[in-house]
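Got your viewer ready? Load the model below, keep the selection box handy, and we'll walk through it stop by stop.

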Amino acid sequence: MGSLTVAGATGAFAQSTEVKIAYALARDSHYGAAADGWDKYVTDTSGGKFQFMHFPSSAQGGEREVIEGLQLGTGVQAVVVSSGALSNFVPEIGVTDIPFLFRDLGHARSVLDGPIGEGILEDFRGRDLIALAWGEQGFRHITNNRQPIEKPQDLAGLKIRTMENPVHIAAFETAGAAPTPMSWPEVIPALQQGAIDGQENPLSVIVSAKLWEVQKYLTVSGHVYSPAMLIVSPVFWDSLSDEDKKIFTDGAIKGKQAMRAFVDNSEKTGIDTARAAGMQVNVLSEEQKAAFQASIQSAYEGYYETFGKDLVNQIIATK
Ligand code: PAF
């Protein structure tokens, strides 16, 4: 970890500790909002003792790579990441990736802010990752260049990029699509070259990445909630005093709140923005969504086996 001299600074914090923070999307995205909220709180509350250096837009590589670096203490000190690659490191988080599990953002937030979410944050500690708060991306929707997706049959053979996430891959396979897992930095080139037909992501990402430049159809399917996480490296964590640990934890909560506020706004404005940019948009009715859920019913048996039906039922029962 490097140490920076802040120009003009005097006194105890003339030497400030650099905190490199990496995330997949641009600084003006929901990821940047989380990182900025975290940064501002820590910088202000510590009186400039820490100085954040931002690496937006996958500048440090795909999420799997940054998480590996975080675990080993060889990369950045902090990340904001999606749940995409995380279940390869902490399988327990995979329960949050089950399609059609969360009814709406309010439901997801109360589960993640309650004992179930807290328990999963704890699970990270045993895997050399310090997860401080749940961020959020919104509900994922399908974009593609083949046709509007209105019924499960429209997915047949569709080469759809998924995150490197076993729960998502199982769902799309069961639905009859041809899921192609890949890391985010490869997605736009693969769409440009026609190597894949489509991808799925929340409105926050669709707008931030201007996916209309490479995708014609947007199907507002809301097939799965997409959490994110604010995590620090254990090496960095162990170097902090108890007082600074509290500052980082409280700052991560500020980051989470900023990310959720950004997503609230994306969910309100994203469809109009995508339409205005030329995407052909269809919004699935509740009946249409139920048909998609029914088409992946057999995948749920695998989810129950992996995560326990009781846990899934507890999540569904949460108000
Ligand atoms: O699809 C993904 O990989 C993710 O949703 C995102 C945010 C684009 C990259 O982490």
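**Stop 1: helix H4**

Select residues 115-125, which make up helix H4, and colour its buried residues: Ile116, Gly117, Ile120, Leu121 and Phe124. Look down the axis: these residues sit on the same side of H4, because they span an arc of only 145 degrees around that axis. An α-helix has 3.6 residues a turn, so residues three or four places apart point the same way. Keep in mind as you go that this is a predicted model.

Now spin to the other side of H4, where you'll find Pro115 and Glu122 exposed. What covers the buried side? Turn on helix H3 (105-113), strand E5 (130-144), strand E9 (217-232) and helix H12 (309-317), which are included in the cover over the buried residues of H4.

**Stop 2: two loops with an odd phi**

Follow the chain out of H4 into the loop that leads to E5 and pick Asp128 there. Check its backbone torsion: Asp128 isn't a glycine, yet its phi is positive, at about 60 degrees. Most residues other than glycine have a negative phi. Is Asp128 buried or exposed? Neither, quite: Asp128 is partly exposed, with a relative accessible area of 45%.

For another case, jump to the loop between helix H7 (203-208) and E9 and select Lys210. Lys210 is not a glycine either, and its phi is positive too, near 45 degrees. Its relative accessibility is 41%, so Lys210 counts as partly exposed.

**Stop 3: Thr143 in E5**

Go back to strand E5 and select Thr143. How accessible is Thr143? Its relative accessibility is 0%, so it counts as buried. Show the side chains here and draw a distance to Gln215: the side chains of Thr143 and Gln215 make a polar contact at 2.6 Å.

Leaving aside residues up to four places away in sequence, Thr143 touches Gly198, Gln199, Ile206, Gln215, Tyr217, Leu218 and Met279. Show those as sticks and you have the surroundings of Thr143 on screen.

**Stop 4: Pro152, past the end of E5**

Carry on into the loop between E5 and strand E6 (159-162), and stop at Pro152. Although it belongs to a loop, Pro152 is buried, with a relative accessible area of 13%; the cut-off for buried is under 20%.

Which residues does Pro152 touch, not counting those up to four places away in sequence? Select Ala175, Ala291, Phe292 and Ser295. Then add Gln293: its C-alpha atom is 9.0 Å from that of Pro152, even though the two residues are 141 residues apart along the chain.

**Stop 5: the ligand**

Last stop. Select the ligand and expand to the residues around it: Ala24, Tyr31, Glu63, Ser82, Gln137, Arg140, Arg161, Met163, Trp184, Asn201 and Val205. Colour that shell by class and you'll count 5 nonpolar, 3 polar and 3 charged residues.

Next, look for the polar pairs. A polar side-chain atom of Arg161 is 2.6 Å from an oxygen atom of the ligand. Asn201 also places a polar side-chain atom 2.6 Å from a ligand oxygen. For Gln137, a side-chain N or O atom is 2.9 Å from an oxygen atom of the ligand. Finally, turn on a surface: the ligand taken alone exposes 280 Å², and the protein buries 99% of that.

Notes: Residues are numbered from 1 along each chain as its sequence is written. This is a predicted model: local features need pLDDT of at least 70, side-chain atom pairs count only at pLDDT 80 or more; totals for chains, interfaces and linings use all residues. Side-chain values use heavy atoms; hydrogens and water are left out. A residue is near a molecule or strand if one of its heavy atoms lies within 4 Å of it. A polar contact is a pair of N or O atoms within 3.5 Å; within protein, one must be able to donate a hydrogen and the other to accept it, and residues adjacent in sequence count only if both atoms are side-chain atoms. Accessible areas come from the Shrake-Rupley method with a 1.4 Å probe; for residues, only the protein chains shown count as cover. Ala, Val, Leu, Ile, Met, Phe, Trp, Tyr, Cys and Pro count as nonpolar, Asp, Glu, Lys and Arg as charged, and the others, Gly among them, as polar. Buried means under 20% relative accessible area, exposed over 50%, partly exposed in between (1.4 Å probe, protein chains only). Helices (H or I, at least four residues) and strands (E, at least two) are DSSP runs, numbered from the N terminus. The arc is that of the directions from the helix axis to the C-beta atoms. Contact means heavy atoms within 4.5 Å.
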